[in-house]
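This report describes how the strands of a sheet are arranged in one protein model, which helices lie across them, and how some aromatic side chains are placed. Please read it alongside the structure shown here.

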Amino acid sequence: MSALDSIDSLLFSLARAFCTPLAVFIQIQGCMICLILALGWACAAYVRNREIKRMKDGMRCGNSFSFLCHDISELEHSNQIKLPRVTVVMPLKGFGEHNLLNWRSQVTSLYGGPLEFLFVVESKEDPAYHSVLRLLQEFKDDVDAKVVVAGLSTTCSQKIHNQLVGVENMHKDSKYVLFLDDDVRLHPGTIGALTTEMEKNPEIFIQTGYPLDLPSGSLGSYCIYEYHMPCSMGFATGGKTFFLWGGCMMMHADDFRLDRYGVVSGLRDGGYSDDMTLAALAGAHNRLITSPPVAVFPHPLASDLSFGSTILHGIDTCCSSTANLWQRIFT
């Protein structure tokens, strides 16, 4: 009986604690956060469903390629030859579980205009170097692709250094440059869709997208999945956004050639995070960042993700956010 009395006493104490003004405030705050998240996900689902409906309507009207373009006449040769040249820069480091499939999806694009792929590594000792060479051997003359050795970075992060070296090696006639991470799995029509939006609105500074994480079953993968889910709402607007994901960024090539808005110098001189730095520059110069509704990328998470690596991922993100904050303060 005394044991039951102790449990009753504990429950009454907890009930009183949860009814204090502070506890009620925390509960209300939690409910508001959940409500905001639910509304954000509902809006994101609306944007995605609207795009899916457009594709299905196009197929019913006879456009079997509506998943590539709104108007099937855009696929005619007379229109394809007018498409601008695009350079795809992929900074690489190491060789992961899904990298080969991701790279294959990136080089097998259905974009009809001139297209080149630059795989950039720090050195030939990087495991990615020989893996990419073997992949390119499979395609030989079917794609315009090469591996660029960037060397060790001394003034910025290695990823940014690889990106800038890729830009230096891009074709002189390239109108747009697309930066892709090695964990991005592209749809065959992604490059064409991004380019179309850039052509429609020359005021766009950066076009981006966001990853749809596919957990592998490990605790670490589910932690990253839960962390990214709230972040995805900022990209699912189907238009203007303030968020930027470094895994997919399409920009004007001349912005790098001419160092407009300090793009090159801002990244090269102490840049730590590519997306945070470019987002800060966009905000400082009132430039437009957009995320088209089709820019959603399946992102299978590695099966060997540990809880420790997940914590390191969170720390890296926090460091990136802090770097962005300081950059905004001193810009």
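In this predicted model, strand 1 (residues 86-91) and strand 2 (residues 115-121) run parallel and are joined by six bridges. One of the residues involved is Val-86, whose bridge partner in strand 2 is Leu-115. As general background, the strands of a sheet pair through backbone hydrogen bonds, and they do so either parallel or antiparallel.

Both strands belong to an open sheet of seven strands, which has the order 3-2-1-4-7-5-8 and mixed pairing. Strand 3 (144-149) and strand 8 (288-290) stand at the edges of this sheet, and because each has a single partner strand, one side of each is left without a neighbour in the sheet. From one strand to the next, the twist averages 20°.

Two helices can be described by the strands that they lie across. Helix 4 (residues 99-107) lies across strand 1, strand 2 and strand 4 (176-180), and runs at about 150° to strand 2. Helix 6 (residues 158-168) lies across strand 1, strand 2, strand 3, strand 4 and strand 7 (248-252), and runs at about 150° to strand 1.

Turning to the aromatic side chains, the count of aromatic pairs comes to five. Two of the pairs are set out below.

| Pair | Centre to centre | Angle between planes | Geometry |
|---|---|---|---|
| Phe-205 and Tyr-261 | 5.6 Å | 90° | edge-to-face |
| Trp-245 and Phe-297 | 6.1 Å | 35° | tilted |

How far apart in sequence are the parts that the pair of Phe-205 and Tyr-261 ties together? Phe-205 lies in strand 5 (residues 204-208), whereas Tyr-261 lies in the loop between helix 9 (253-257) and helix 10 (263-268), so the pair ties together parts that are 56 residues apart in sequence. Phe-205 is buried, with a relative accessible area of 2%, while Tyr-261 is partly exposed, with a relative accessible area of 30%.

In the tilted pair of Trp-245 and Phe-297, Trp-245 lies in the loop between helix 8 (219-232) and strand 7, and Phe-297 lies in strand 9 (residues 296-300), so this pair ties together parts that are 52 residues apart in sequence. Trp-245 counts as buried at 16% relative accessibility, given that the cut-off for buried is under 20%, and Phe-297 counts as buried at 1%.

Finally, Phe-95, Trp-103 and Phe-119 form one aromatic cluster.

How values were computed. Residues numbered from 1 in each chain as written. Predicted model: local features only at pLDDT ≥ 70, side-chain atom pairs only at ≥ 80, totals over all residues. Heavy atoms only, no water. Pairing = 2+ DSSP bridges. Helix = DSSP H or I, 4+ residues; strand = E, 2+ residues; numbered from the N terminus. Axes fitted to C-alpha atoms, helices over the stretch in contact; angles between N-to-C directions. Contact = heavy atoms within 4.5 Å. Phe/Tyr/Trp six-rings, centres within 6.5 Å; stacked < 30°, edge-to-face > 60°. Buried < 20%, exposed > 50% of the residue type's maximum accessible area, 1.4 Å probe, protein only.
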